[in-house]
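Dear colleague,

Please find the structure below, handed over for your use. My notes on what was found in it follow.

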Amino acid sequence: MYAELKERLGLDYSLAIVSEPCKYDPDNGEPIPITGGSVGKILPLVVAKGRLAHSCYILAGLNSALIVSEIMRNVELSTAFLSSDLGVSNQPPATQIMRDLKTHYDVSTPEYSVAGFNMTFFMSTKPMNLVAKLKDVSAKALQTVVTRY
């Protein structure tokens, strides 16, 4: 398509920007600006399996949503996931999705829940190191929830 436009309109491409779909600021309706950079990105997902329980007997189960929320609490904005090159740091992780995996409402706690985290990094960081940190955070979060129960 771009080659066809170049030929048909006599264009000379010097730069191409491939942005994500344009989003608008809900407060003022202005487009959110395109940002530049050259960081890597992963979107690891964490799926927690709890133990199903009726809500009036919550202590008989293990709420997967509580496990995922504890993981999210310890991942979101965590400086443990930062890397830097040439004096510039990436952004800390942000949660992109967090939900239980119920297909319909019922009065039980969710057996499965999921969270996905946007993690950026520079070449000095190996993506699997971020995944290893996420596994450590997840294990500690599970222990915290089990202790709370």
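Where is the place of T125? T125 lies in the loop between β6 and α3, where helices (H or I, at least four residues) and strands (E, at least two) are DSSP runs numbered from the N terminus.

This is a predicted model, in which local features need pLDDT of at least 70 and side-chain atom pairs count only at pLDDT 80 or more, while totals for chains, interfaces and linings use all residues. Residues are numbered from 1 along each chain as its sequence is written, and side-chain values use heavy atoms, with hydrogens and water left out.

The chain has three helices and six strands, arranged along the sequence as α-β-β-α-β-β-β-β-α. Of its 149 residues, 27% are buried (under 20% relative accessible area, 1.4 Å probe, protein chains only).

T125 is itself buried, because its relative accessible area is 16%. Its side chain forms a polar contact of 3.3 Å with that of S83 (a pair of N or O atoms within 3.5 Å, one able to donate a hydrogen and the other to accept it).

The largest nonpolar core (buried Ala, Val, Leu, Ile, Met, Phe, Trp, Tyr and Cys residues joined through side-chain atoms within 4.5 Å) has 18 residues. Two or more residues come from each of β2 (45-49), α2 (64-75), β6 (112-121) and α3 (127-148), with α3 giving the largest share, five residues. L134, one of those with the most contacts inside this core, is in contact (heavy atoms within 4.5 Å) with P44, V46, I71, V75, F81, F117 and M119, leaving aside neighbours within four places in sequence.

Yours sincerely

Methods. Buried < 20%, exposed > 50% of the residue type's maximum accessible area, 1.4 Å probe, protein only.
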